[in-house]
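Please open the model in your viewer and keep the sequence panel beside it. The tour below suggests what to select at each stop and says what is there.

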Amino acid sequence: MKKILVTGANSYVGTSFIKWLSQYPEKYSIDTISLRDESWKQRSFKGYDVVLHTVGIAHVDSSPDPKMEQEYYRVNRDLTIETAEKAKNEGVKQFIFLSSIIVYGDSSYINKPRVIDEKTVPKPANFYGNSKLQAENGIKLLENESFKVAIIRPPMIYGKGSKGNYPKLAQAAQILPIFPNIENQRSMLHIDNLSEFLRLLIANKDSGIFFPQNAEYVKTSDMVKLISEARGKKIRLIKLFNPLLGILGRKVGIINKMFGSLIYEQSLSDYKKNYIVRNFKESIFETEK
């Protein structure tokens, strides 16, 4: 039986992963730990095979609050490295860190494709992305034959109870009769697909940097229309405001976050085992039911 410790007692990814593994009670034993105060340092990590580190400060708007810069580095970088060091020192065999696609910077402008492939060099656009990248660099130095480090750079994660942009789009689908029809592509990752990927990563004792994503790229307007359909409503997609949004996108970051493009080249997300348990349409209806 694999013993897993999840940091972030109430994190969305952590709680979802625990629920996912409840299908396999004979294979996994899972505990959680909060890192909100210093008491976690007194808790022993001995006996755990894996630490899944989900603690971190994220942001929803196009730019994080400058007043929070020091806190981002403290939590996203320093706390990650400190947790990994403790895991290694106490005999944990695998450390999994939830990083982000944000280490590559922001979305493109509207109507400008942006594809990340194996040659793309991380280039954070702000200290949120930089704090994640510095955490990655710090924990990679700890890896050896007995301490595997796996770094996950997921795109936007969504699912029932998720935070971030998905609830905003769902609200738009609920109340708006029309929505902009803009051609864009986004890599996205449903929480069940991520949970299955994490399960396989643990089962295979893998290390390295990974880029899981759904099998399909997502067009924002199609996603809103599908959410509306799942909620029993109708929304009409129109192109009337596209020129204006294109202009605003060069000045207002949140426009690009919604309608810009940012995708992983599909082969970058290939894995030795299939982790796609829900296609895109199924994932939306599962989220909205």
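**The sheet**

In this predicted model, begin by selecting the six strands that form an open sheet with parallel pairing, in the order β2-β1-β3-β4-β6-β10. At its edges are β2 (28-33) and β10 (208-210), each of which pairs on one side only, and neighbouring strands of the sheet are turned by 20° against each other on average, direction ignored.

Next, select β1 (residues 2-7) together with β3 (residues 50-53), which run parallel and are joined by four bridges; here leucine 5 of the one strand stands opposite valine 51 in β3.

**The salt bridges**

The whole structure holds 13 salt bridges, and three of them make useful stops. Select lysine 219 and glutamate 183, whose closest N and O atoms are 2.8 Å apart. Because lysine 219 lies in the loop between β10 and α6 (220-230) and glutamate 183 in the loop between β8 (178-180) and β9 (188-190), the pair ties together parts that are 36 residues apart in sequence. Lysine 219 is buried, at 14% relative accessible area, whereas glutamate 183 is partly exposed, at 48%.

Move on to aspartate 192 and arginine 278, which meet in a salt bridge of 2.5 Å, N to O. Aspartate 192 belongs to helix α5 (residues 191-203) and arginine 278 to the loop between β12 (263-264) and α9 (280-288), so this pair ties together parts that are 86 residues apart in sequence. Aspartate 192 is buried at 13%, while arginine 278 is partly exposed at 22%.

Finally, select Glu38, Lys41 and Glu82, which salt bridges with shared partners join into one network; within it, lysine 41 and glutamate 38 have their closest N and O atoms 2.5 Å apart.

How values were computed. Residues are numbered from 1 along each chain as its sequence is written. This is a predicted model: local features need pLDDT of at least 70, side-chain atom pairs count only at pLDDT 80 or more; totals for chains, interfaces and linings use all residues. Side-chain values use heavy atoms; hydrogens and water are left out. Two strands pair if DSSP finds at least two bridges between them. Helices (H or I, at least four residues) and strands (E, at least two) are DSSP runs, numbered from the N terminus. Axes are lines fitted to C-alpha atoms, for helices over the stretch in contact, and angles run from 0 to 180 degrees between N-to-C directions. A salt bridge is a side-chain nitrogen of Lys or Arg within 4 Å of a carboxyl oxygen of Asp or Glu. Buried means under 20% relative accessible area, exposed over 50%, partly exposed in between (1.4 Å probe, protein chains only).
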